[in-house]
Amino acid sequence: MHSIGILAGGAACADLLAQALPPGLWERCRPACAGGMYDLLVVAPDWPVSRPVPPGLTCRALLLPGRLGPLAGDLEAGWVVSYGLTPRDSLTLSSLGQDGLCLALQREVVTLAGRSLEPQETPLRGFAGAEPELVLAWAGVMLLVGVPVEKLASYDT
């Protein structure tokens, strides 16, 4: 059972994760606190750039918006996976439109179980009107805890 910490500036990320993560997985999520040790630490897209991270945070995997990449230097993490809407991010969207979203793994992503996910694309459904970076945070959590990529395509929030 994986422990998941969340660093967020507001409630939007936690609200979407609470709604979209499968039961049992959401219950493993907690607000990240100083000295916390997590299998996965998620930095929400609304984390203020100027806000320092709580001291002593450690994690096996760090999932953060690519634009907040400098925060990775303030945290002890085994590996980092970035998400966002630029080609530099590990997780991004290759299409964003009325027909839905398409998740793109731009480079290899390693799960908490050590499984390698190769670059690929998969359609997502059920996120009409959701902020794209929040959807990417959800997808990152799902993938890193070991939900197969193909299951994301059939997951409906």
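Mentor: Before we begin, please keep in mind that a residue is called buried when its relative accessible area is under 20%, exposed when this area is over 50%, and partly exposed in between. Please remember as well that the model in front of us is a predicted one.

Trainee: Why does Cys102 count as buried?

Mentor: The relative accessibility of Cys102 is 12%, and a residue is buried when the value is under 20%, so Cys102 counts as buried. The reasoning is repeated for Cys13, which has a relative accessibility of 1% and therefore counts as buried.

Trainee: How many disulfides does the structure hold, and what is known about Cys13 in this respect?

Mentor: The structure holds 0 disulfides. For Cys13, the nearest cysteine sulfur is that of Cys29, at 8.8 Å, whereas a disulfide needs two cysteine sulfur atoms within 2.5 Å, and therefore Cys13 is in no disulfide.

Trainee: Cys13 belongs to helix H1, so which residues of that helix are buried, and what tells us how they are arranged?

Mentor: Helix H1 covers residues 12-20, and Cys13, Leu16, Leu17 and Ala20 are buried in it. Seen down the helix axis, the buried residues of H1 fall within an arc of 100 degrees, so we conclude that they line one face of the helix. In general, an α-helix has 3.6 residues a turn, so residues three or four places apart point the same way. The buried residues of H1 pack against strand S1 (4-7) and helix H2, while the face turned away from the buried side carries Asp15 and Gln19, which are exposed.

Trainee: What makes Phe127 and Trp138 a tilted aromatic pair?

Mentor: By the rule for such pairs, the count comes to 1 aromatic pair. The ring centres of Phe127 and Trp138 are 4.7 Å apart and the angle between their planes is 50 degrees. Rings pair if their centres lie within 6.5 Å, and planes that are neither under 30 degrees nor over 60 degrees apart count as tilted, so the pair of Phe127 and Trp138 is called tilted.

Trainee: Why can we say that this pair ties parts of the chain together, and are the two residues buried or exposed?

Mentor: Phe127 lies in the loop between strand S10 (120-124) and helix H2 (132-144), and Trp138 lies in helix H2, so the pair ties together parts that are 11 residues apart in sequence. Both Phe127 and Trp138 are buried.

Trainee: Where does Arg51 lie relative to the ring of Trp47?

Mentor: Arg51 lies over the face of Trp47, at 4.7 Å from the ring centre, and the distance part of the criterion asks for a value within 6 Å.

Trainee: Why does Glu133 count as buried, and what polar contact does its side chain make?

Mentor: Glu133, which lies in helix H2, has a relative accessibility of 13%, so it counts as buried. The side chain of Glu133 makes a polar contact with the side chain of Arg67 at 3.3 Å, and the cut-off for such a pair of N or O atoms is within 3.5 Å. Beyond its neighbours within four places in sequence, Glu133 is in contact with Pro45, Pro65, Arg67, Tyr83 and Gly84.

Trainee: Why is Thr58 called buried, whereas Arg115 is called partly exposed?

Mentor: Thr58, in strand S4 (residues 58-65), has a relative accessible area of 18%, so it is buried, since the limit is under 20%. Arg115, found in the loop between strand S8 (109-110) and strand S9 (116-117), has a relative accessible area of 43% and is therefore partly exposed. Not counting residues up to four places away in sequence, Arg115 touches Val109, Val110 and Pro148.

Trainee: How do we know that Leu41 and Ile4 are buried?

Mentor: Leu41, in strand S3 (residues 37-43), has a relative accessible area of 0%, so it is buried. Leaving aside neighbours within four places in sequence, its contacts include Gly5, Ile6 and Leu7. Ile4, in strand S1, has a relative accessible area of 1% and is therefore buried.

Trainee: How far apart are Ile4 and Val141 in sequence and in space?

Mentor: They are 137 residues apart in sequence and 8.8 Å apart in space, C-alpha to C-alpha. Val141 is among the residues in contact with Ile4.

Notes
Residues numbered from 1 in each chain as written. Predicted model: local features only at pLDDT ≥ 70, side-chain atom pairs only at ≥ 80, totals over all residues. Heavy atoms only, no water. Phe/Tyr/Trp six-rings, centres within 6.5 Å; stacked < 30°, edge-to-face > 60°. Helix = DSSP H or I, 4+ residues; strand = E, 2+ residues; numbered from the N terminus. Buried < 20%, exposed > 50% of the residue type's maximum accessible area, 1.4 Å probe, protein only. Lys NZ or Arg CZ within 6 Å of the ring centre and 35° of its normal. Arc of directions from axis to C-beta. Contact = heavy atoms within 4.5 Å. Polar contact = N/O pair within 3.5 Å; in protein donor to acceptor, adjacent residues only side chain to side chain.
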